[in-house]
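Here are my notes on the model you sent over, as numbered points. Have the structure open while you read, and skip around as you like.

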Amino acid sequence: MHPSTFTLAVFLGVCGVRAQTTVIPSNSFSSIATFEQYWNYLYPWGSDHNGAARMVGSSSDHSHINAASNTLTLIATPTSNAVPPTSTANPHPAIHYASGTVYAKSQITVTASASYTLYGEFSSPTAVGTWPAFWLTAVAGWPPETDIGEWKGTANNWFNTFNTSSIVRSDLVAWPTDLSFHSLQAVLTAESNGADVRIDFSMDGVHKATQYGAGFVGKALWLIIDLQMEGSSGSPGPGGTTTYKVRNLKVTHT
Ligand SMILES: *[C@@H]1O[C@H](CO)[C@@H](O)[C@H](O)[C@H]1NC(C)=O
């Protein structure tokens with residue numbers, strides 16, 4: 001071992017600190033090329049989910065999903081079908097918007113030796129019918145689900161953790177409606193029982209809530225950023241363009 005490596009190892013050992021590994025660096029939204037190294041277009045399961053937006057985007061279409069200046073921009077625009085199509089996902093709402101969603105190529109799996117920290121700065125619409133989010137959901141089955149950012153058409157962000165579809169803890173924090181950027185952070189750590197995950201949520205550097213996910217240890221999660229519309233955020237949604245921005249996003253694990 002090189003002496004300086006030895007010194008570092010002793011230092012980390014004494015402090016009980018584990019080295020951090022970057023999963024998604026803070027420049028993943030610096031260009032389309034960098035974006036495509038770390039993110040995929042749409043949801044892991046396709047273009048539709050539980051709201052009125054059908055997601056549109058690919059390496060040749062950045063009208064609803066774009067990345068530049070370390071900022072991801074998702075844009076929803078109303079569609080004008082005389083007979084709207086319906087979502088292919090439950091509960092099959094009518095599609096009234098074209099919008100954007102991305103998900104991280106790396107899955108997130110909290111274990112006894114891997115705690116995760118997720119950080120980002122969000123300019124989030126809060127108008128009725130706008131339903132942006134920044135969330136983790138199970139790769140196999142459901143739940144686990146933890147929502148770090150979820151805005152449901154009011155001046156609040158919701159932190160949520162689902163143990164089952166009906167056992168959910170939600171903590172609401174007031175969110176400014178002026179589209180200014182505010183940071184959110186979640187730290188996910190395995191509990192000593194080896195089964196449950198503790199999630200500590202902060203906004204603008206201030207700790208706001210702690211929640212626990214039953215049996216989340218070892219379960220692979222997708223990280224999704226989406227601009228869904230209507231659904232849980234009310235309807236009708238905006239008649240014009242809605243923009244949701246996320247910048248300086250970073251994911252690390254120990
Ligand atoms: C979910 O399960 C965890 C672990 O048992 C528990 O601490 C937490 O209170 C549960 N959440 C709710 C909303 O009951």
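1. Starting with the largest pocket: in this predicted model, about 420 Å³ of space lies in it. Its lining is made up of 20 residues. If you want to find the place on screen, look for H49, N50, W131, W135 and E145, which lie nearest the centre of the pocket.

2. Who builds that lining? Four elements give two or more residues to it, namely β9, β10 (145-150), β11 (156-162) and β16. The largest share, four residues, comes from β9. By chemistry, the lining residues of the largest pocket split into seven nonpolar, eight polar and five charged.

3. Those strands belong to an open sheet of seven, and I'd trace it in this order: β2-β7-β16-β9-β10-β11-β12. The pairing is antiparallel. At the edges you find β2 (39-41) and β12 (168-174); each has a single partner strand, so one side of each is left without a neighbour in the sheet. Going from one strand to the next, the twist averages 20°. As a reminder, strands of a sheet pair through backbone hydrogen bonds, either parallel or antiparallel.

4. Within that sheet, have a look at β9 (residues 130-138) and β16 (residues 221-229). These two run antiparallel and are joined by nine bridges. One handy marker for the register is T137, whose bridge partner in β16 is W222.

5. T137 deserves a moment of its own. Is this β9 residue buried or exposed? With a relative accessibility of 5%, T137 counts as buried, because the cut-off for that is under 20%. Leaving aside neighbours within four places in sequence, T137 is in contact with W45, W142, P144, E145, A220, L221, W222 and I224. Two of these names should ring a bell: W222 is the bridge partner in β16, and E145 is one of the residues nearest the centre of the largest pocket.

6. P144, another contact of T137, sits in the loop between β9 and β10. Check the backbone there: the peptide bond from P143 to P144 is cis, with omega near 5°. There is also a cis bond between S235 and P236, where omega is about 0°. P236 is in the loop between β16 and β17 (242-253). Both spots are worth a look, because most residues other than glycine have a negative phi, and most peptide bonds are trans.

7. The loop between β16 and β17 also holds E230. E230 is not a glycine, yet its phi is positive, at about 50°. Which way does its accessibility go, buried or exposed? At 7%, E230 counts as buried.

8. Next, follow the chain through β13, β14 and β15. Strand β13 (residues 182-190) pairs with β14 in the antiparallel sense over seven bridges, and T189 stands opposite R198 of β14. On its other pairing, β14 goes with β15 (residues 206-213), again antiparallel over seven bridges; here I199 has Q211 in β15 as its bridge partner. How well covered is β14 (residues 197-203)? Six of its seven residues are buried, so this strand is largely enclosed by the rest of the structure.

9. Now for the two turns. The hairpin of β13 and β14 has six residues between the strands, and G194 in that turn shows a positive phi of about 75°. N193 is in the loop between β13 and β14 as well, and is partly exposed, with a relative accessible area of 48%. From N193 to V217 the C-alpha to C-alpha distance is 9.7 Å, while 24 residues separate them in sequence.

10. The hairpin of β14 and β15 has two residues between its strands. D204, in the loop there, has a positive phi near 50° in spite of not being a glycine. What is its accessibility? D204 is partly exposed, with a relative accessible area of 39%. Compare E230, which has a positive phi of about 50° but counts as buried.

Notes
Residues numbered from 1 in each chain as written. Predicted model: local features only at pLDDT ≥ 70, side-chain atom pairs only at ≥ 80, totals over all residues. Heavy atoms only, no water. Pairing = 2+ DSSP bridges. Axes fitted to C-alpha atoms, helices over the stretch in contact; angles between N-to-C directions. 1 Å grid on protein atoms, 1.4 Å probe; cavity = no way out; pocket = protein on both sides within 12 Å on 5 of 7 lines; lining within 4 Å. Points joined across faces, edges and corners; volume = space filled by probe spheres on them. Nonpolar A, V, L, I, M, F, W, Y, C, P; charged D, E, K, R; others polar. Buried < 20%, exposed > 50% of the residue type's maximum accessible area, 1.4 Å probe, protein only. Contact = heavy atoms within 4.5 Å.
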